[in-house]
Amino acid sequence: MSIKENVVSLLREIPSGVIVVAAAKGRTPQEIMEAIEGGIEIVGENYVQEAEKAFSVIGRKVKWHFIGHLQKNKVKKAVEIFDLIETVDSVELAREIDKRCSRIGKVMPVFCEINIAKEKSKSGVYPEEVEELVRQISSLKNIKVEGLMTMGPFFEDPEKLRPYFRKTKEIFENIREKRIPRVEMKYLSMGMSSSYKVAIEEGANIVRIGTKIFGPRLQKG
């Protein structure tokens, strides 16, 4: 099946109210355009430089989410391209985003990233630190906290991710119930090509899907 057909069939099975972000890491602007023709409205990029290339071709035909680990020295460029940053995991990063956005008159919606399994190799704050991060960055004028994001550990069997997704949803609801000023917990971003069905069952309303849309990435080498 073509990329366009993959998207059409995926969107048919996704429940209403759940948003698909096409995870476009390593994909060409042409591949991304084909996904957009199939009905994709949000593209997720892991690297600012890759996003620049795609954005120069595609522009504002779609919304752009940053879904990778954002380095502070890339924030200036990132805030020009992206409509939402899903991976804020420190006050320092949030302050940099706030500062850069204030200079261009933009309020950036962000999600706080949780390292739900406390994996040393992954970014994100630990579950017990999330609420404090949300509170600390909620006062920044050019940022709007709108949700949480998690990667979850990698398992061959997506069922093994269920408890991690469930725990993330509990944290999400807990923060939402506290009604922190200037925080609007609207979105829970979790689940990828292999695990999005389980993620949706556990409360995700944004899923980040790459392989199921674009096919496997070609191995370089």
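Start by selecting G105: this glycine comes just after helix α5 and takes a positive phi of about 65 degrees. Keep in mind on this tour that you are looking at a predicted model.

**Stop 1: helix α5**

Step back from G105 and select residues 91-104, which make up α5. How far apart are the end C-alpha atoms of this helix? They are 20 Å apart, and this agrees with the 20 Å that 14 residues should span at 1.5 Å a residue.

Now colour the buried residues of α5: V91, L93, A94, E96, I97, D98 and C101. What do they pack against? Show α4 (75-81), β4, β5 (108-114), α6 (130-137) and β6 (143-150), and you have their packing partners.

**Stop 2: the nonpolar cores**

Keep I97 selected and add L148 and I213. In the largest nonpolar core, which has 66 residues, these three touch the most other members. Helix α5 gives the most to this core, with 5 residues. There is also a second, separate core of 6 residues, and I42, L84, F111 and I206 are among them. As background, nonpolar side chains tend to be buried together in soluble globular proteins.

Zoom in on L148 next. Beyond its neighbours within four places in sequence, L148 is in contact with residues including F111, C112, V130, F172, Y187 and S189.

**Stop 3: E86, a buried charge**

Select E86, which sits in strand β4 (residues 84-88). Is E86 buried or exposed? E86 is buried, yet it has no salt bridge. The nearest side chain of opposite charge belongs to R208, 4.2 Å away. A salt bridge needs the nitrogen and the carboxyl oxygen within 4 Å, so the 4.2 Å between E86 and R208 does not count as one.

Which side chains make polar contacts with E86? Draw a line from the E86 side chain to that of H65 and you should find 2.8 Å. Draw another to the side chain of S189, where the polar contact is 2.6 Å. Setting aside neighbours within four places in sequence, the residues in contact with E86 also include V21, F66, I67, M149 and I206.

**Stop 4: helix α2**

Move to residues 29-38, which form helix α2. Which of its residues are buried? Highlight P29, I32, A35, I36 and G38 to see them. These buried residues pack against α1 (3-13), β2 (42-45), α3 (48-58) and α9 (211-214). After α2 comes G39, and its phi is positive, near 125 degrees.

**Stop 5: two residues with a positive phi**

Most residues other than glycine have a negative phi. Now look at two residues that are not glycine and have a positive value. Select K118, with a phi near 55 degrees. You will find K118 in the loop between β5 and α6, and it is partly exposed, with a relative accessible area of 38%.

Then select R182, which has a positive phi of about 65 degrees although it is not a glycine. R182 lies in the loop between α7 (162-177) and β7 (183-189). R182 is partly exposed too, with a relative accessible area of 38%.

**Stop 6: salt bridges**

How many salt bridges does the model contain? The count comes to 17, and you can visit a few of them here.

- Select K122 and E119: they form a salt bridge whose closest N and O atoms are 3.0 Å apart. K122 is partly exposed at 26% relative accessible area, and E119 is partly exposed at 21%.
- Select E184 and K144: their side chains meet in a salt bridge of 3.0 Å, N to O. This pair links distant parts of the chain, with E184 in strand β7 and K144 in strand β6, 40 residues apart. E184 is partly exposed at 35% relative accessibility, and K144 is partly exposed at 21%.
- Select R176 and E173: the closest N and O atoms of this salt bridge are 3.0 Å apart. Both residues lie in helix α7, 3 residues apart, which is about one turn of the helix. R176 is partly exposed at 38% relative accessibility.

For your last selection, pick E159, R162, R166, E201 and E202 together. Salt bridges that share partners join these five residues into one network.

Note on methods: Residues are numbered from 1 along each chain as its sequence is written. This is a predicted model: local features need pLDDT of at least 70, side-chain atom pairs count only at pLDDT 80 or more; totals for chains, interfaces and linings use all residues. Side-chain values use heavy atoms; hydrogens and water are left out. Helices (H or I, at least four residues) and strands (E, at least two) are DSSP runs, numbered from the N terminus. Buried means under 20% relative accessible area, exposed over 50%, partly exposed in between (1.4 Å probe, protein chains only). Lys and Arg count as positive and Asp and Glu as negative; His and the chain ends are not counted. A polar contact is a pair of N or O atoms within 3.5 Å; within protein, one must be able to donate a hydrogen and the other to accept it, and residues adjacent in sequence count only if both atoms are side-chain atoms. Contact means heavy atoms within 4.5 Å. The expected span of a helix is 1.5 Å times one less than its number of residues. A nonpolar core is a set of buried Ala, Val, Leu, Ile, Met, Phe, Trp, Tyr and Cys residues joined through side-chain atoms within 4.5 Å.
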